[in-house]
Structures are given as structure tokens and as C-alpha cells.
Amino acid sequence: MANLAAVVGIGQTKYMTKRTDVSIAGLLREAAFKALQDAELTWDDIDAVIIGKAPDMFEGVIMPEVYLTDALGCNGKPMLRVHTAGSVGGSTALVAASHVQSGTFKRVLTVAFEKQSESNAMWALSNAQPFSTHLNAGAGGYFAPIIREYMRRSKAPYDVGIKVAVKDRLHGARNPLAHLQKPDITMKEVEESFMLWDPIRFLESCPSSDGACAMVIANEELADKASKPPAWIRGVAMRSEPTMYAGREQVNPQAGRDCAADVYKQAGITDPRKDLDCAEVYVPFSWYEPMWLENLGFAPEGEGWKLTMEGATSLDEGGDIPWNCSGGVLSSNPIGASGMIRFAEAARQVRGDAGAHQVEGAKLALGHAYGGGAQFFAMWVVGAEKS
Amino acid sequence: MSDEQDVITGINAPVYLKYNFTAGAAPSRFLTQLKKGVLMGQRCPKCSAVYVPARGSCALCGVATEEDVQLSDKATVESFTIVSIPIPGNPIEPPFVVANLVLDGSNISLIHLLSECENSEVRIGQRVQGVWKPESEWDYSMNNIRYFKPIDEPDVPAEKIGKLPVTGWEG
Amino acid sequence: MSQPEILNQSFELGYTYTRSTGPVIGRFMTELKKRNIVGIKASDGRVVVPPMEYDPDTAEELSEFVEVGEQGEIVSFAWVKEPRESHPLQQPFAWAMIKLDGADVPMIHCVAAPAESDLATGARVRAVWADETIGFITDIRCFELV
Amino acid sequence: MKDIAIVAYQQSDSVSDAGAVNEVELIMPVLARTFEQAGLNSAQDVDFVCSGSCDYLQGAAFAFVSGVDALGAVPPIKESHVEMDAAWALYESILKIRMGHADSALIYGFGKSSPGELPVVLSQQLDPYYLAPLWVDSISLAALQARMMLDKGLITERDMAEVVSRSRRNAMNNPHAQLSGDISVDDVLAEETYLSPLRKADCSPISDGASAIIIATVEQARAWGLPYAVISGIDHCIETHNLGMRDLTDSVSTRMAANRAGMNTGKVDVAELYAPFSHQEIILARALGLDDSTQVNPSGGVLAGNLMMASGLSRVGEVFNRIVKGEAQRGIAHATSGPCLQHNLVTVLEKGENA
């Protein structure tokens, strides 16, 4: 049985296209320092540091923990770097949590980041090796055919993705840290935006952001003493499956379903829509909301889009299960940090510290991240109470 | 220039590294045949699924694919996207159709261009065939097939996509 | 099963990254452009060149810049007989840890010298500036023996 | 906390160029042998899998993703990855077992260093503003460190050559070694300098390969009926990236990690140290206070073959081998990362009951 652990401090940078005022270290440092301040701690209080980011090619710094140790006060401490593709922010939080849940450490700092403005994500993700076909126009080009297959199967109306795009940007407008600030966005604006990778429109896609997110995770004894409410970690799970194999279910991947079942079991959740108060789910392309609603058991297969269209996932429409109140990946996407932002925002909700995007009285929240060809999944459930 | 403009806030850091890439054993087998105009898949000894291009293992079973299996250049559209932005480092002019295609006789999709068609008429289950470059231009490359184009065969129902024999689709 | 040929092909993985410096590194680069070298004072009072953004012991932000000399002494060196294509000098040269006058912590840069035997730990060197300085670490083209 | 045991270890041959073998093909045979050793069939038979690799070695983003293709990860598995030596993947896996979310784990590391120019590739892990743009390669930095040792009279070139000679001779008993032979100290000293003060023999070779380990709770290891070695401690520690601010002639972080891992609570019969350069083996042995009673790098160490991203894990595996063969009761394995031994991990292994 894992030891109890809780999030006792959260820090995020403002997300934006280019943070031209800081170095790479400066970016992480900002989030890390805010997390320490939030936890009312100093660097000396931290036992170990766990960092995560997507491929090193984004910034062209190999194994960046080597250079970042000084900025994160790690010297003389253990430092670990996680890399599990797009799910890395979530995986990093889970690995950080395991440092405490295993009873090995009392209090650790975890930071995930991406400074995408240092290069071009399309290039970093698509640079071709010899002999390989080179038609993969970034992540959108990869996921668009899977979305098309979902649309075919579910017979969902064409504007579900448009609705999600609007909803998450309206959520993002409540969150001052969100990269995209579009309080006046309309369905028409999204529909008329440029079709990048049919069926994915420009405004149905995530932006490319600079940013970092950090958390302090503490054991039960220290979390009990924290001056601000902790977010208790009630369940942690990760699952992986290969990118391609014969008969692989790509629309509704088994790794996602299994991961959700695992984390729900730990948290005592039997009906996620009813038992959870909100969820922060990795939705980089708008159609992934209905797809993940089904994958994560919030709706039966083929019916996720109905929740979206009914407004069940919308804070503004008073939905019963708001998704991505922070604005989600559709509003901010520093790739390597995006998963951790989901985990941290879930924690903010149950700490009652989510400001204008707070779900009133939230007690139990899901944080979710996925990566690779929708094959790596990381999830946690955090609660205002220990059990 | 004022002092303000003289303040450095950014640098350009060229990071260029040279590599000598060697294709793996399984990809080399595929590419060697491809140079001869043959689409060769590899069958998993455990589950019998046929992979193309084989990457070295049946990812489902985690074992090496050993048996070579000759495939057709006819395929079925599993899904697709119409790309309206250029691919970095690729001269193709957008918009173009990139499709996930399953070759007859294989059980996994590969990605290739679809052309000689109205983009708006491309659909899941559509039958297509490879349009090859002249033999003199063949190399160790999937670009030996310039693109796939629709052929006059009935669409394949969704549940049969990825399960057709090398002999093709009778409708 | 047919035996494949071994297929090789060289390729270059490359990008020119656009790095924002933040104030500390930016100040160092700004000074380099003006052919000055600055360090920064660490929490224990040591002057570090190039300036670190954060103190390695206390993790505090550092901000007290100190101008240092463009001459210094070699703390250690390594003789490169056969420079690599990526190296800044294409004739045999040395990498060295150089403690500049006014600094307490050595920096790493290259030293141009006729032969290994001309170099020694403790030898005095001075910065050789690039013809055009742009605010980049290679504004110091190399160091040479005084 | 649950006692954790190592039950299987396999490594590929360390070769200078694996040729027409991609990542999956590199890993799969090693994993197959590892499963066989443990009497298991696939990754489905362990509770957790964690790997270590580096995209830049072969120059492709997400190199580790294709590693999953070697696992038989259907149905999906609990799996994670560190962009570090797989010794740190072992560390992550141990935390997973300690927290009760797994009773067993497979850990593997792999690297093809041959496609790139490894010392140059590694220059890009340095400070991206001050050092990486100078392209200071990893061998040159190690040479600066060696010169410092020599200048201060802490070592002689003969000491370094002795490390090399012993490595080559020990490696004669290591079937996976890349460099081995009956080479005397004078033979080494007769070689001209390469990156002075280093000779080529002072530097680990460029190698391709993979290694894998299976760990389990002692209860699980017993249930499997396998000989095992117990991991009695593991810890790691990083130091400042500023080489000018570190005492390069010592390895403070190695000593800290070893102390925290409990190395000094008993006799150390064997030590496998990840020293990519001969003088670094001396630094490490001294930092750890090892004397003649400890056999250092009986496998030949990484001077006999350096599988980047797997060498640290292999050190653990080599100590495991000595213990289960009855050649040692207790030993330590060391792993390193970063320039001039910046980041160090120490694992302490002890004989299990039925080893």
C-alpha cells in the first residue's frame, strides 16, 4: 500500500508564444519558485527534484537536467529526468509522487517545461531519418485520420469539435495564465478558421507555448501541517501500448481505458461522471474531448459527443462535469509541461485555489495526459480529503 | 544605435549534428525489395499478422517478424487527412491528401499520398492502387510509388479494412 | 528469408535555435559585444565567469556583476592534436580552464598555441577577440599566451 | 520497506558498430534472454517496465517509443522511460515496488552511439549559452580533469595505465567485452597521447548495445525459485554543472550517494564503477574509500565497452553476476551522467539467502 502523499505547492508561468525575457533555466525557475512560495518553503526543504519534458530536440539541449541542476537547487540531491513523449508532464508528476509514496522522501519538487520558441515543434517532431517516408505533418497530421474515424463511427455532428474549441477558450479566458485569451470567441469564428489537417481547423488545435509548471509533493505528516489545503493523491496510474500493431484500436485505445480503470479503482470511483467533480484532460485537438469522454468512461462508446453538445463539460453552461476549466491544452501547450499542468490544475480545483475557473466545492478531480500515438497514458485522481 | 538596442537578449545557437544512419535488418529487407519494385511485408510467427514496412518486431507479440510475404500494390483507405500546410523539408504543395492505407495481404496501415482524385471524394474504405515511378528511378524508398490513386472497385466495409488477402477485394 | 544489404545514409540533424538569454546571460553577452568580460559574485563571495544565473550552493538568484580582466592563468588544459570539424579552431589547440584576473572560478575556452609544450598550468593567457563581436561566446575567438 | 532483489541480468555484446540493427532489433534478443533467465515469457509477466535511452545518440526524437515494440505490450503495460542511463530507470522501478504498485519490474537500457560522433553529441548537454556553442567534447573535458589530477600529483600516467591494463585483462573473462587483452602497463604507456594527457586507451570506446535486468520483491524472487542478490541500498546525487566550481579531483556526489545507500555498513567485495576514463576510476575508488580488499571492475568496466544509457545498469548487473556466482558476498555498482562525473548513482547489492 502506497504511503499517502499530497500536493502542497503549485507554481506555473504565464503561458505564451515566446518568453523572450528568460533563459531556459529562468523559465523553470519561475514555476519552481512559485511552487515553493505557494508551499511556504525554501530550496533547502526539498529532498529531490524530478523534471520532465518532451524530446530534447525542442530546445537542442541534451539531457537538460545536467545544466538545470543549479537553477533548481539540486546540488547534493537526487535529480531525475522523465521522458514519455506528450504524456511526460503527467508521468513526471507520477514519478515525483512515487518518491514520496514509496516512503523514500518527505518532500520533492517536480517541474515540467517546454520552451518551444527556441525551435519549431513541427521540425522537431517531424525531422526525417533516411529511408523513411516523410509525410507526417506534425501531430495534427497524425491525429486527423483517427479523428475522422471517430466521426465516422459515432456519427457525431460536424460541429462537436467546434463547440469544444469555443468552450475551452472560454474557460481559458477565466485563467490569467492561459496562453490564448479569447473571451469573445464564437462557433462561427472557429468554423471559419483555416482547415489545417482536415477535419482539424486552426482554432480546433492547441497553440505552441513556452511555459513551465511545478509542484511540491509532500508526505502525510508534512502535508497535514501545510498552511494551505493539500490535494491528496488518491490514485496514480500509467499504461503504455505500442504505436502500431495489427488490429490496434486507435480511436479508443485500450491503454487509456485500462489506465482509467486502474486509477478509478484506487480512488474508489465507480461512476466517473458522478463521482468526480471535474477533470483536466489532455485535449490538444478539440475532437479528443468526446473521444476521451468515452475512453475514460464518462459516456458510453459513441456518445461522448452528446455530453459535449449538452454542455455537461462546460463551466459556463453549468455542466455537471466540467472538463478543462483552466482552458486545457487548447488554450496553452508547452508540450512537455502540458501533462503536468493538467495534474496541477486538478490539484488546484480540490484545493479550492483555481480562481475564476474554480468549480465550486470541487472535492475530487482527475488529471490526465497522453502521448506518442495516443499510446502512453498517465493519470491521477486528487481529492480534498485523504479518503 | 542607442544603448538600449545594444542590449543582448537573445542568441542564435546553431546545433547541427551529423549521423550515419543504418537502416535496421527488417527495414533493410523491405527497402531492398522495394528497390526491385516489390512490396514485401513480414509475418509474425506468433499471431500471423503481416506488417509493412516491417520495423523489426510484431509489436503486439514482441517477437521478430521473420517470414517475408509479398503484397499487392492495391490498398484500402483506412483513414486520411487533407493537409493544408507544408511539411517541413518536403516540396509537396498543399493541399494534399495523406492517407493511412492498408495494402492487400497486410494487416497494418502505412502512410502515403493519394492523388488523381477530388480531395472531397476521398473516403474511408475506398480502393486505391500505387502509381509507380519509372523503373529507372527506383531506389530504397517508398517514393518509388509516387502516390496512390483511386481504382474502380467497390468500397470495403469498415469491419473488413485491414483484413483483405493479397488476392484483393471482390466486393 | 532474404539477406538484406546494409543500407547506410548520412544525414544532418540540425536547427539554429533562438535562445532568449534572460538578464544575467544577456548582460554577459552584451558586455562581450563591447569586448568586456563580466562575472558575477556568488553567495560565498567568489567571482564566477561567465556569470551563473543561480548560486550553486544556495540556489539564490545572483545579480552582483563584477568586471574581470581579459587576461588570466591556465588552471588546466587539454591538447587537441586533431581538431574535430565542430571545434572552434582547426589547427591543433588546447581546451583550457582559465581563471581570469579578478575572477575566482575558472572558465572553459580554447587556447591557440604553437605546440603542447608551449603550454603549462599557470601560464598566462589573454583573450583574442573576434573581428566582429555579436554578443556570443565565440566573440572571444580564443585565448593566446601572453 | 520491502526487500528488493535482482533475479536476472543480460547484456548484448558491446560492439563498435551494430550495423543493420535498429533499436527494436538491438533490444529484443537481450530481453528474450533476460526473460528466459527469469523463467518468464514477456513483459506481461512483470508488473512494471522502465527504460533508459537518449534520442540524440542516434539522432531521432522518440527513439524510446520503438523500444515498446520489443516488449509485447498488448494488453497495455505499466511502463515509463527516463532520458538517462537505465540505472536511473532501475531507481524509478525500485520506488514503484517500494510504494506497493509492483512486485516485479523489467529495466532495460539501449544505445547506438555509432551513428553519431558521440563526444560531439555529448557537448550539447553542456550549458547551452556558454559551453555548448563552443562544442567542447566530452573527451576534452575529461582530459582537463586528468591534467588537474596529474598536476596536483594525485595520480601519475602510470596509475592511469594500470587501470587500463587491469581493465583489458579482466575483460578477457567477459564474453561481451569490446576491448580485452593481455596488455601491460608499459604497453599502454608506449601509446602516444590522443587528447593529451589522455591516451586513446584511457578513454572508453564507442559502443552499441543494450542490457536488461529483472528485479522483484524478495518474496516474488523466492516464489519464482530464482537465485538473487538483494538491493540493500540505492541513492543518487547531482553536483553543480559549473566545472570550475567543482573539485574535479574528487567525486563528492558519489560519496554522498554511497553513504546514503549504506555502502559503509559492511565490507565491499566487488565494485563496478562507471568510469568512462581511466583517471575517473581512480577518483571514484578514492571517493568511495575502496582499498585492496575490493575488486574493482572485474568485468573490465566501461573501458572495455561503454553502452551509453545502459552501462550504468550493466554495472549493477555485473555485481549481481558476481554475487549469484558466489564470487562475492556484497558489492556496489556505480553509474554516472554528465560531464566529468557530475551526477552519480550508487547501488549496494548483497547476497540473497539462496544465492
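In this predicted model, D:Thr193 stands opposite D:Arg199, a residue of strand 6 of chain D. The two strands involved are joined by two bridges and run antiparallel: strand 5 of chain D on one side, and strand 6, residues 198-199, on the other. Together they form a hairpin, with one residue between strand 5 and strand 6 of chain D.

Strand 5 of chain D also has a partner in another chain. Here, residues 193-196 of chain D are joined by two bridges to strand 5 of chain C, which covers residues 71-80, and the pair runs antiparallel. Within this pairing, C:Val80 stands opposite D:Leu195. Strand 5 of chain D is thus a good place to begin tracing the structure by eye: one can follow it to strand 6 of chain D and then across to strand 5 of chain C. As a helpful reminder while looking, side chains in a regular strand alternate between the two faces of the sheet.

Turning to chain C as a whole, it has one helix and nine strands. Along the sequence the order is β-α-β-β-β-β-β-β-β-β, which places the helix directly after the opening strand.

What radius of gyration does chain C have? The value is 19 Å, whereas a compact globule of 146 residues would have one near 15 Å. Along the principal axes, the C-alpha atoms of chain C fill a box of roughly 70 × 40 × 35 Å. Of the 146 residues in chain C, 45% are buried. Among contacts in chain C with a separation of 6 or more, 49% come from residues 24 or more positions apart.

How values were computed: Residues numbered from 1 in each chain as written. Chains lettered and ligands numbered in written order. Predicted model: local features only at pLDDT ≥ 70, side-chain atom pairs only at ≥ 80, totals over all residues. Pairing = 2+ DSSP bridges. Helix = DSSP H or I, 4+ residues; strand = E, 2+ residues; numbered from the N terminus. Rg over C-alpha atoms; globule rule 2.2 N^0.38 Å. Buried ≥ 20, exposed ≤ 12 C-beta atoms within 10 Å, placed from the backbone. Contact = placed C-beta atoms within 7 Å.
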